[in-house]
Amino acid sequence: MKRILPSILSADFGNLERDIKELENIGIDMFHIDVMDGNFVPNISFGFPIIESIRNKTTKIFDCHLMIANPENYVEKFCKCGCDMVSFHIEATNHADRVIQIIKAAGKKAGVVLNPQTSLEQIKYLLPKVDYVLIMTVNPGFGGQKFISEMLEKIEELDVIRKEKKYNYLIEVDGGINVETSKLCRDRGADLLVCGSFLFGASDKKETLHELLK
Ligand code: DX5
Ligand code: ZN
């Protein structure tokens, strides 16, 4: 089943509980949590305390997107602070296989993320092991950027590989998702669609959610 994952980066940080509840009430069951370290990406978002505090407010799935250098040093703690799915950037580590092992040993779902400029070749050897692959459709670091349409080919290729090799990973996309780009990505095999500014900026979120999956 195709799903929309609201990115809480676009939420009102002073009213996170209110925003989460509002989205739960219209049927959201997975939240996307963007962690930025000001090193791997040119922006800083939030870390463990915020995740722990919202963990107490909802039982829904937390999908944590780590935009941090050397994720192997922190990934276990992210697993322990309430994330159900944890993804890391292939560009941020020399120890990708180890990161996946740590996430799985913690009983969580492991995902690998590719920046727009990174080719699928870089992660081919990881595809049998990961639970999901996140294709960045903007340069990571900020919400509200324009979808990079050349990434559609990458999504399609990932779907072809999955079918050919009978792999089980889900395909997630992140960045610039709106009604139009959501459909383009879903048509090419994307399962999980992260949506930040478009959904949070909508006056009628319920209707927008419906449109995003139509
Ligand atoms: C960007 C983040 C995204 C971001 C998406 O680095 O990983 O999750 O919040 O926001 P929109 O949907 O506004 O592009
Ligand atoms: Zn993200």
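Which ligand has an oxygen atom 3.3 Å from a polar side-chain atom of H65? Let's find out, working with a predicted model in which local features need pLDDT of at least 70, side-chain atom pairs count only at pLDDT 80 or more, and totals for chains, interfaces and linings use all residues. Residues are numbered from 1 along each chain as written, chains are lettered from A and ligands numbered from 1 in written order, and side-chain values use heavy atoms, without hydrogens and water.

**Exercise 1. Find the polar partners of the ligand that H65 contacts.**

Step 1. The oxygen atom belongs to ligand 1. A polar contact here is a pair of N or O atoms within 3.5 Å.

Step 2. Look at S197: one of its polar side-chain atoms lies 2.5 Å from an oxygen atom of ligand 1.

Step 3. Turn to G141, where a polar backbone atom is 2.7 Å from an oxygen atom of ligand 1.

Step 4. Check the cover: the protein hides 100% of the 380 Å² of accessible area (Shrake-Rupley method, 1.4 Å probe) that ligand 1 has on its own.

**Exercise 2. Describe the site of the zinc ion (ligand 2).**

Step 1. List the protein donors (N, O and S atoms within 2.8 Å of the metal, or 3.2 Å for Na, K and Ca): H32 (NE2), D34 (OD), H65 (ND1) and D174 (OD), at 2.0 to 2.3 Å.

Step 2. Judge the geometry. The six donor atoms make angles of 69 to 170°, and the site is octahedral (six donors, opposite ones over 155 degrees apart and all others between 65 and 115).

Step 3. Read the spacing along the sequence: H-x1-D-x30-H-x108-D.

Methods: Tetrahedral: all angles 85-135°; square planar, octahedral: opposite > 155°, others 65-115°. Polar contact = N/O pair within 3.5 Å; in protein donor to acceptor, adjacent residues only side chain to side chain.
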